[in-house]
Amino acid sequence: MARLLGTVALALALTTGLGAAQQLSPADAGAFMGSWSLMLDTPQGAFEQTMVLKDEGGKVIAEISNQMAPEVQKVTDVSKKGDDLILKFAGNFQGNAFDAMITMTPDGTDKAKVTFDVNGGQFTMNGTGTKK
């Protein structure tokens, strides 16, 4: 019985690992690399964020900041789906934890359509990204 449980646990651990996305390489991120200004529409008005996509040890990371939360949010879960760049991270604003996903869709040279999704669709902001 213990052997069966051990085998099941090993199978579950291996299966869970197979679904994990590999972190994006700078070459695969292409034109997304560099500094961006993200201008998002909110019910309270425009909300600007600065995002820098850079190479850290051969993998793409993002650093996001804004005037309301000037401390840099480091994002290591950066991937691509088709032409879209997708960043996933856990954040905290004024003591409220949230899960976030930013999707950037190319929209011409040095521009992107941006969707900022909070807590799986509970709150979504749309806007534009402009490369600096």
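## A quick tour: rings and a sheet

Start by selecting Phe32: with a relative accessible area of 7%, Phe32 is buried (buried means under 20% relative accessible area, exposed over 50%, partly exposed in between, with a 1.4 Å probe and protein chains only). Before you click on, know that this is a predicted model, where local features need pLDDT of at least 70, side-chain atom pairs count only at pLDDT 80 or more, and totals for chains, interfaces and linings use all residues. Residues are numbered from 1 along each chain as its sequence is written, and side-chain values use heavy atoms, leaving out hydrogens and water.

Now add Trp36, which counts as buried at 2% relative accessibility. Next, light up Phe89 and Phe98: their ring centres are 6.5 Å apart and their planes at 75 degrees, so this pair is edge-to-face (rings of Phe, Tyr and Trp, using its six-membered ring, pair if their centres lie within 6.5 Å; planes under 30 degrees apart count as stacked, over 60 as edge-to-face and the rest as tilted). Add Phe116 too, since ring pairs link Phe89, Phe98 and Phe116 into a cluster.

Time for strand β7, residues 96-106, where you'll find Thr103 (strands are DSSP runs of E, at least two residues, and helices runs of H or I, at least four, numbered from the N terminus). Thr103 is buried, at 16% relative accessibility. Leaving aside neighbours within four places in sequence, its contacts include Asp84 and Lys113 (contact means heavy atoms within 4.5 Å).

Last stop: show β6, residues 84-93, which pairs with β7 in the antiparallel sense over 9 bridges (two strands pair if DSSP finds at least two bridges between them). Pick Lys88 and you'll see its bridge partner in β7, Met101.
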